[in-house]
Amino acid sequence: MTKDKDMFNKLQQEQRDLDASYRQSIQNKKEHEARDQDQATGVKGVTVCKSKTCTNSLYKWTSSRDPRYCADCL
Ligand SMILES: [Zn+2]
């Protein structure tokens, strides 16, 4: 019985470690995206055209050829 409990504790610890690293990676991604975009809209993914000379929103205006750019650019 003791062995099962040890195993359970170990699994719980691993789960906590996984949760922590998962949250950390999300946090890192958010910070990276915030640096990439002037507008932090909180919407998942790229929301503004990637073209340096273009600031069009991609909302309902995404290029069918490349989702990172707006329909004007591609
Ligand atoms: Zn564009």
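Trp61 touches Asn56, Cys70 and Ala71, leaving out residues up to four places away in sequence. Contact here requires the C-beta atoms of two residues, placed from the backbone, to lie within 7 Å. Trp61 sits in the segment after α1. Trp61 counts as exposed because it has 12 C-beta neighbours inside 10 Å. The classes are set by the number of other C-beta atoms within 10 Å of a residue's own: 20 or more is buried, 12 or fewer is exposed, and in between is partly exposed, with C-beta atoms placed from the backbone.

This is a predicted model, in which local features need pLDDT of at least 70, side-chain atom pairs count only at pLDDT 80 or more, and totals for chains, interfaces and linings use all residues. Residues are numbered from 1 along each chain as its sequence is written.

**The chain as a whole**

The chain holds 1 helix and 0 strands. Both are DSSP runs numbered from the N terminus: helices are H or I with at least four residues, strands are E with at least two. The helix α1 spans 2-36. Of the 74 residues in the chain, 3% count as buried. Among contacts with a separation of 6 or more, 3% come from residues 24 or more positions apart.

**Asp72**

Asp72 also belongs to the segment after α1. Its contacts, neighbours within four places in sequence aside, are Cys54 and Asn56. Asn56 is thus listed for Trp61 and for Asp72. Asp72 has 11 C-beta neighbours inside 10 Å, so Asp72 counts as exposed.

**Tyr59 and Lys60**

Tyr59 lies in the segment after α1. With 11 C-beta neighbours inside 10 Å, Tyr59 counts as exposed. Lys60 is in the segment after α1 as well. Why does Lys60 count as exposed? Because Lys60 has 6 C-beta neighbours inside 10 Å. The backbone of Lys60 has a phi near 60°, a positive value in a residue other than glycine.

**C-alpha separations**

Three pairs can be set side by side, two of them involving Cys49.

| Pair | Apart in sequence | C-alpha to C-alpha |
|---|---|---|
| Tyr59 and Cys70 | 11 residues | 8.7 Å |
| Trp61 and Cys49 | 12 residues | 9.3 Å |
| Asp72 and Cys49 | 23 residues | 9.4 Å |

Cys70 appears in the table with Tyr59 and among the contacts of Trp61.
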